[in-house]
Amino acid sequence: MSAFDAFSLKVKNFKCFGEEAQGFDRIKAINLLLGRNNSGKSSLLDLVRYATNPTSAIPQSLWHFRRAPEILAQIPLAEGQVRKVFSETKRGSGIPAANHYEFGKLLVGSALTWRLDSGRFVNLGPNSDGDYPFKQVQDNVDQYLQRLAAAAVNPFQGKEFRKISAERNINPERHGQLTVQDDGRGVTNSIQNFLTQARLPSELVEKNILHDLNQILGPDATFRNIVCQQIEDGLWEIFLEEEKKGRIPLSQSGSGLKTIIMILCYFHLLPEVQNKELSEFVFAFEELENNLHPSLLRRMLSYI
C-alpha cells in the first residue's frame, strides 16, 4: 500500500469550484480524470500542484468569488500518529480508558478531515470528528484533534510536481540549460545535452528511451536510433532513425509521437537532472489522447 492509498484531497472556493468541496475521494498511483470541457479537470491538477507545495499562497485570481480557497485532506489515522498523541503511560484527563493509548488505539483507521494550511494540517474544529470514539470524550476534544492533525503527514509534501499541458510541441532548439517546460520547450535541448555532454549518461536516451519508445509504438513502428544534429541557424533537431526510411526529423512527425517522447523524457531524464528518484515526482498529464490512435493510447497508458 502506498502513502496515497485512502488519501482524500479536495478543495473549496478554488477557480470554478464553490463552497461544496470537490476533488479526489481516493488517490491511487495512477488516476484518470474524465469529464466534459470546462468541468474542472485542470483545476484538480492545479489542486495537486498546491498540495505538493502547500506553503505557496494561492493567488487571489484563482479564488472563487473572492473567497479564500481551502484545501481539505482526509487521511486514516495510523498507529504511529495516534501513539504521538495518546501515551500508554498517561491516565485520566477525561479519557475513558485504563490509559490514553487504550482509548487512542480505537481511533486507528478512522478518517478525519483537516485543512492543509501553510504546509501543515490544521483541525477544522470539534464538529469534524464524525461518528467515532471521540464522542465519549468530554473535555479537550479540539486539543486532541489538533495534536493528531499536527502528527499527520501529507504524502504530497516534498514531491516535485511536473505537468504536460494539453497544448504542447517539440521543436528544434538552441543549446541551453537543462529545463523542460510543460508545453514541450526544452525537450530537444535536454535530449541534445544527454547525447553530446560527457557528464550526462547518454544511454538514458540511446537505450532506455529508445527501448520504451519501441515498446509503446510496436508493432506500428520500430526505430533503430535516436540522434540529435545541428541544423541551420545553430538549432538542434531530434531525428528518429527507422529501417528503410532513414532519419526522420521529429519536427516533421505527428504530435502523438512527440507526446510519447515528452513523457519518456519526463520519466528518464528529469530524475537524472534533478538528482531524484522517479518516486519523488508527481506527474500531471493533460489530454494525452490528443492525436493518438486508440490502440496506441491504450499501449501508452499501459506503459505508464
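**Exercise 1.** Leave aside neighbours within four places in sequence. Which residues is Ile 261 in contact with in this predicted model?

*Solution.*
Step 1. Set aside the residues within four places of Ile 261 in sequence.
Step 2. List what remains: Ile 170, Val 187, Ile 191, Leu 213, Leu 240 and Leu 250.
Step 3. Place Ile 261 in the largest nonpolar core, which has 42 residues. Leu 213, Ile 260 and Ile 261 touch the most other members there.

**Exercise 2.** Find which helix or strand gives the most to this core.

*Solution.*
Step 1. Collect the elements that each supply at least two residues. The helices are H5 (187-196), H6 (203-217), H7 (255-268) and H9 (294-303). The strands are S7 (223-230), S8 (236-242) and S10 (281-285).
Step 2. Pick the top contributor: H7, with nine residues.

**Exercise 3.** Is Tyr 144 buried or exposed, and which core holds Tyr 144?

*Solution.*
Step 1. Locate Tyr 144: helix H4, residues 141-151.
Step 2. Apply the cut-off. Buried means under 20% relative accessible area. Tyr 144 has 3% relative accessibility, so it counts as buried.
Step 3. Assign the core. Another core, of 39 residues, lies apart from the largest one. Its members include Tyr 50, Tyr 101, Tyr 144 and Ala 149.
Step 4. Add a distance. The C-alpha atoms of Tyr 144 and Glu 206 are separated by 56 Å, with these positions 62 residues apart along the chain.

**Exercise 4.** Why is S10 largely enclosed by the rest of the structure, and how does S10 pair with S6?

*Solution.*
Step 1. Count burial: four of the five residues of S10 are buried, so the strand is largely enclosed.
Step 2. Check pairing. Strand S6 (residues 160-164) runs parallel to S10, over five bridges.
Step 3. Name one bridge: Phe 161 partners Val 282 in S10.

Notes. Residues numbered from 1 in each chain as written. Predicted model: local features only at pLDDT ≥ 70, side-chain atom pairs only at ≥ 80, totals over all residues. Heavy atoms only, no water. Core = buried A, V, L, I, M, F, W, Y, C linked by side-chain atoms within 4.5 Å. Buried < 20%, exposed > 50% of the residue type's maximum accessible area, 1.4 Å probe, protein only. Helix = DSSP H or I, 4+ residues; strand = E, 2+ residues; numbered from the N terminus. Contact = heavy atoms within 4.5 Å. Pairing = 2+ DSSP bridges.
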